[in-house]
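Visitor: I've got a few minutes and some nosy questions about how you label things. Could you walk me through it?

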Amino acid sequence: MKQFQLRRAIDIPDAIMAGIAPATERPGTQVRFLAGGTTLLDLMKLNVEQPQQVIDISRLPLDKIEPQSGGGVKIGATVRNADLAHHPLIQADYAVLSQALLSGASAQLRNMATTGGNLMQRTRCVYFRDTAMACNKREPGSGCAALDGMNRNLALLGTSEHCIATNPSDMNVALMALEAMVHIQGVNGLRSVAIDDFFLLPGATPERENLVQPGDLITHVTLPPRIRGNKSVYLKLRDRASYEFALASAAVVMTVTAGRIESIRVALGGVGTKPWRAREAEAVLLGQAPGPALFRRAAEAAMQNARPQSQNGFKVELATRCVAHALGQAAQV
Ligand SMILES: Cc1cc2nc3c(=O)[nH]c(=O)nc-3n(C[C@H](O)[C@H](O)[C@H](O)COP(=O)(O)OP(=O)(O)OC[C@H]3O[C@@H](n4cnc5c(N)ncnc54)[C@H](O)[C@@H]3O)c2cc1C
Ligand code: SF4
């Protein structure tokens, strides 16, 4: 691990200025915010991340879960994953989010991990975490060892010739199906971004994963009011039953009225370079009578643009079954 300076932010403006100032005073200085530390510190120990300045934001007043007057909920960036998963409002109205959070990592990690840190977590591609290997995401222009290497766990949707890494988060998949908004405060003020726009496709610049710029602090996430009568489910398939990232996962938020699917949102995890909104599946489902044959057709539509690599072709059928099963569960719960 390289030497770094640790500083505790006293308030939000202080965090933003600390995030931007060293880079302007000394170009090239890397600054990182420290929230729960469950991703950042691992990557620093591996020398994948080498910030010269680390700004501790864990004591900023961003740790509240607040119901909004017009419906919906505001979730502070430093709310711990465990607190969010077990909050009564989240369990009652946004079950998919609670289920996704509880399917991730371990109880100890969830006690530390935060909403902002989870949004920003980096890929688990083994080459990204090994500084001896070529990786365009870690070192732009160095190549992608995964294309001809171990790509069993990597993506089939949204890939490019420069990077095929998956976004590893469970929470992000649920937030995608809930159409969350991410609120970011930077030197130019506060801006709000739909979660689908927050994450970027790798294209030719896989090192850029989202819209966060130096000095930008994610302050909170908002969820829209629950659609009356909707049901939601998160289903995660993985190599072992706990403490493991998704091979494929599906988040479904569905409303059935008078025997027809009145509203539907489907998102996939474990198969996309970003948490993946399956609009093709939604188009198949909307307005139809729920049933296994329809769910299978929708699931196949979700994966119709999949581009398998040498070792991950099995994920096409796995993800298809995952989506179909999650739809079936949502129709029943
Ligand atoms: C062994 C292990 C297993 C895991 N399994 C899973 C799993 O199954 N599913 C899953 O989804 N996740 C899993 N995780 C990942 C875990 O969810 C993340 O490590 C965690 O959510 C990161 O949150 P944090 O607060 O600890 O982030 P930190 O490590 O503190 O920060 C991560 C990054 O986010 C940035 N950041 C943090 N907060 C902000 C903010 N407010 N604004 C701007 N930038 C910010 C930091 O600068 C840093 O770059 C696992 C992790 C480990 C170590
Ligand atoms: S898939 Fe992406 S993260 Fe993995 S080695 Fe290739 S460029 Fe790096």
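Guide: Happy to. One term before we start: a helix here is a DSSP run of H or I with at least four residues, numbered from the N terminus. Also keep in mind that this is a predicted model.

Visitor: Okay, then which helix supplies the largest share of the shell around ligand 1?

Guide: That's α7, with four residues. It spans 115-120, which is enough for a helix because the run needs at least four residues. Other elements that each give at least two residues to that shell include β2 (31-34), α2 (40-45), α6 (107-112) and β8.

Visitor: What makes a residue part of the shell around ligand 1?

Guide: Its C-beta atom has to lie within 6 Å of the ligand. For ligand 1, 32 residues make the cut, and Gly-36, Gly-104, Gly-116, Gly-117 and Met-120 come nearest. By class the shell has 17 nonpolar, twelve polar and three charged residues. Glycine is counted as polar, in case you were wondering about those glycines.

Visitor: And what surrounds ligand 2?

Guide: There are 15 residues, the closest being Cys-125, Tyr-127, Cys-135, Cys-144 and Cys-163. Twelve of the shell residues are nonpolar, two polar and one charged. Cys and Tyr both go into the nonpolar class.

Visitor: Let's zoom in. Why is Leu-223 called buried?

Guide: The bar is 20 or more other C-beta atoms within 10 Å. Leu-223 has 23, so it counts as buried. Leu-223 lies in strand β8 (residues 217-223). Beyond its neighbours within four places in sequence, Leu-223 is in contact with Gly-72, Val-73, Tyr-94, Leu-178 and Ala-180.

Visitor: Then why is Leu-89 called partly exposed?

Guide: Partly exposed is what you get between the two cut-offs, 12 or fewer for exposed and 20 or more for buried. Leu-89 has 15 other C-beta atoms within 10 Å, so it ends up partly exposed. Leu-89 is in helix α4. Its contacts, leaving out neighbours within four places in sequence, are Ile-65, Pro-67 and Val-73. The C-alpha atoms of Leu-89 and Pro-67 are 8.1 Å apart, although 22 residues separate the two in sequence.

Visitor: How do you know that Asn-47 is exposed?

Guide: Same kind of count: exposed means 12 or fewer. Asn-47 has 12 C-beta neighbours inside 10 Å, so it counts as exposed. Asn-47 is in the loop between α2 and β3 (53-56).

Visitor: What makes the backbone of Asn-47 worth a look?

Guide: Most residues other than glycine have a negative phi. Asn-47 isn't a glycine, yet its phi is positive, about 65 degrees. Tyr-243 is another case, with a positive phi near 55 degrees. Tyr-243 sits in the loop between β9 and β10, and it is exposed because it has 11 other C-beta atoms within 10 Å.

Visitor: What makes you call helix α5 mostly covered?

Guide: Seven of the eight residues in α5 (95-102) are buried. Those are Ala-95, Val-96, Leu-97, Ser-98, Ala-100, Leu-101 and Leu-102. They pack against α3 (81-86), α4 (88-93), α6, α8 (171-177), β9 (231-237) and β10 (248-257).

Visitor: And why is something called a nonpolar core?

Guide: It's a set of buried nonpolar residues of certain types, Ala, Val and Met among them, joined through C-beta atoms within 7 Å. The largest one here has 93 residues, and Val-96, Ala-174, Ala-177, Ala-251, Val-252 and Val-323 touch the most other members. Helix α12 (residues 314-332) gives the most, seven residues. Domain 1 (5-56) and domain 2 (231-332) each put in at least three. Take Ala-251: past its neighbours within four places in sequence, its contacts include Val-96, Ala-174 and Ala-177.

Visitor: Last one: how do you know that the overall size agrees with a compact globule?

Guide: A compact globule of 333 residues would have a radius of gyration near 20 Å, and the protein has 20 Å, so the two agree. The C-alpha trace spans about 60 × 50 × 35 Å along its principal axes. In total, 47% of the residues count as buried.

Key:
Residues are numbered from 1 along each chain as its sequence is written. Chains are lettered from A and ligands numbered from 1 in the order in which they are written. This is a predicted model: local features need pLDDT of at least 70, side-chain atom pairs count only at pLDDT 80 or more; totals for chains, interfaces and linings use all residues. Domain bounds come from an automatic or database domain assignment. Two residues are in contact if their C-beta atoms, placed from the backbone, lie within 7 Å. The radius of gyration is taken over C-alpha atoms; the globule rule is 2.2 Å times the number of residues to the power 0.38.
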